[in-house]
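Subject: Structure handover

Hello,

Here is the structure we discussed. Please open it alongside this email; the findings follow below.

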Amino acid sequence: MKLREAFLSQAASNRSLGSPFTARVLEVLAESFTPGTSLADRLLTWEAEDIGPGGASLPLRVLGGLHALVLLGKDAGLTSVYPPAAAPADEVLQRAIQMALQAHEGFLNDWINTAPQTNEVRRSAAMIAAGHYLQARFDLPVETYELGASGGLNLHWDQYALQHPGGQAGAAEPALMLMPDWDGDGLPAEAPTVIARQGVDLNPLDPSDPDDALRLMAFLWADQPERMERTRAAMSVAETRVDAGDASAWLEGKLTDLTPGRLHLVYHTVAWQYFPQDTKDRCLTAMRNAGATAETPLARLSMEADDLSGPAGQGAALTLTLWPGEVEVPLGRLDFHGRWIRWAPGLS
């Protein structure tokens with residue numbers, strides 16, 4: 001994928017996900033890089049097979065860098081065209097972006113060293129829904145392990161609440177309320193009890209650190225203020241630090257001695273696609289070899305793209321795998337940003 005194509009592909013995705021302003025920014029950026037500057041030369045010769053949304057995500061790296069400049073107040077011209085300001089004319093937006101690229105080339109070169117990291121808190125709707133399903137099925141306290149946990153905001157899903165046709169699920173006094181468009185039956189009434197939580201990421205972020213907090217906020221899209229408000233609310237209760245490391249080695253160590261009387265829940269939300277194949281294989285092997293029994297059950301919750309995702313807008317597949325037995329249970333589909341849920345638990 002060529003650089004221009006990658007930016008335009010990401011622009012189409014942002015527009016479909018309800019972010020028309022950032023789509024316009026990405027479209028301007030698609031025409032902004034020609035050889036001759038250090039930033040452009042680096043982007044144009046990036047050593048990765050896939051530089052687009054499914055790989056190195058160069059468009060989101062640059063987009064996040066521009067938003068960081070706005071959040072830091074480093075570029076008045078850029079700030080003047082970013083929300084909450086009124087949508088600018090195309091030529092005004094283009095000029096502001098071009099000037100920012102020139103004035104802050106060093107900052108942006110440093111910024112793009114790191115792949116995008118967000119904790120889309122609305123994805124916790126999947127965890128809350130699955131948690132109620134698992135509570136009804138197992139009636140056990142839960143120990144959780146998140147792969148690709150970034151800043152750990154979705155480690156605290158049990159401290160949030162979810163509106164669904166049957167009422168409110170999740171925490172009785174939530175740090176934030178999630179209200180996706182819901183299609184399907186309601187959830188079982190009883191919420192699970194999370195008695196231990198832990199997560200891993202190659203480059204974990206600490207929401208209490210100002211630099212890490214900036215990254216978590218900057219990779220959100222500037223014309224989605226409610227998304228930013230939810231992230232701030234989640235950051236206020238994010239007390240669990242994420243371990244640094246490879247997901248497979250970490251998980252192999254965690255699943256060596258399952259504790260009786262607990263449901264052990266491994267989960268990942270739009271992270272699996274970024275893992276090398278060897279990491280995926282080892283994670284699967286670790287779960288299969290964990291020795292789960294009726295007294296030490298193990299579940300894997302996957303919220304990931306599949307063949308129905310993509311331009312058709314079918315979101316991510318939400319799937320449980322349960323051990324012993326490696327029983328797969330489809331739960332439905334979820335918008336990548338958690339805007340809607342099609343809740344349809346299958347039979348097993």
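Let me start with one residue. Asp183 touches Ile341, Arg342 and Trp343, leaving out residues up to four places away in sequence. Asp183 itself sits in strand 5, residues 181-184. Its C-alpha atom is 36 Å from that of Asn289, and the two residues are 106 apart along the chain. Bear in mind throughout that this is a predicted model.

Overall fold

The chain has twelve helices and twelve strands. Its radius of gyration is 21 Å, close to the 20 Å that the globule rule gives for 348 residues, so the chain is as compact as a globular protein of that length. The C-alpha trace spans about 60 × 40 × 40 Å along its principal axes. Buried residues make up 54% of the 348. Take the contacts between residues at least 6 apart in sequence: 71% of them join residues at least 24 apart. The exposed area is about 14,800 Å², and carbon and sulfur atoms supply 50% of that.

Nonpolar cores

In soluble globular proteins, nonpolar side chains tend to be buried together. Here the largest nonpolar core holds 48 residues. Leu162, Leu265, Leu301, Leu320, Leu331 and Trp343 touch the most other members. Several elements each supply at least two residues of this core, among them helix 9 (210-218), helix 10, strand 8 (263-269), strand 9 (298-304) and strand 12 (340-343). Helix 8 gives the most, with eight residues.

Leu265 is worth a click. Neighbours within four places aside, Leu265 is in contact with Met127, Leu134, Val142, Glu143, Thr144, Tyr145, Trp157, Ala299 and Leu301. There is also a second, separate core of 37 residues, which includes Leu3, Ala11, Leu43 and Leu66.

Charges

The count comes to twelve salt bridges. Three pairs are described here.

- Glu31 and Arg4: their side chains meet at 2.8 Å, N to O. Glu31 is in the loop between helix 2 (20-30) and helix 3 (38-44), Arg4 is in helix 1 (residues 3-16), and the two are 27 residues apart. Arg4 is partly exposed, at 45% relative accessibility.
- Asp90 and Arg24: the closest N and O atoms are 2.6 Å apart. This pair links helix 6 to helix 2 across 66 residues. Asp90 is exposed at 53% relative accessibility, whereas Arg24 is buried at 18%.
- Glu143 and Arg262: the closest N and O atoms are 2.7 Å apart. Glu143 lies in strand 1 and Arg262 in the loop between helix 11 (247-254) and strand 8, so the pair ties together parts that are 119 residues apart in sequence. Glu143 is buried, with a relative accessible area of 9%. Arg262 is partly exposed, at 24%.

Salt bridges that share partners also join Glu120, Arg122 and Arg227 into one network.

Which buried arginine has no salt bridge? That is Arg230. The nearest side chain of opposite charge is Glu226, 4.3 Å away. The cut-off for a salt bridge is 4 Å, so a pair at 4.3 Å does not count. Arg230 is found in helix 10 (residues 225-235). Beyond its neighbours within four places, Arg230 is in contact with Val121, Arg122, Leu176 and Leu178.

Backbone points to check

Most residues other than glycine have a negative phi, and most peptide bonds are trans. The exceptions below are listed for your inspection.

- Pro83 to Pro84: the peptide bond is cis, with omega near 15 degrees. Pro84 is in the loop between helix 5 (76-81) and helix 6 (90-103).
- Trp323 to Pro324: this peptide bond is also cis, with omega near 10 degrees. Pro324 is in the loop between strand 10 and strand 11.
- Asp139: phi is positive, near 50 degrees. Asp139 is in the loop between helix 8 and strand 1 (142-147). Its relative accessible area is 52%, and it is exposed.
- Ser150: phi is positive, near 55 degrees. Ser150 is in the loop between strand 1 and strand 2 (161-164). At 4% relative accessibility, Ser150 counts as buried.

Best wishes

Note on methods:
Residues are numbered from 1 along each chain as its sequence is written. This is a predicted model: local features need pLDDT of at least 70, side-chain atom pairs count only at pLDDT 80 or more; totals for chains, interfaces and linings use all residues. Side-chain values use heavy atoms; hydrogens and water are left out. Helices (H or I, at least four residues) and strands (E, at least two) are DSSP runs, numbered from the N terminus. Buried means under 20% relative accessible area, exposed over 50%, partly exposed in between (1.4 Å probe, protein chains only). Lys and Arg count as positive and Asp and Glu as negative; His and the chain ends are not counted. Contact means heavy atoms within 4.5 Å. A nonpolar core is a set of buried Ala, Val, Leu, Ile, Met, Phe, Trp, Tyr and Cys residues joined through side-chain atoms within 4.5 Å. The radius of gyration is taken over C-alpha atoms; the globule rule is 2.2 Å times the number of residues to the power 0.38. Accessible areas come from the Shrake-Rupley method with a 1.4 Å probe; for residues, only the protein chains shown count as cover.
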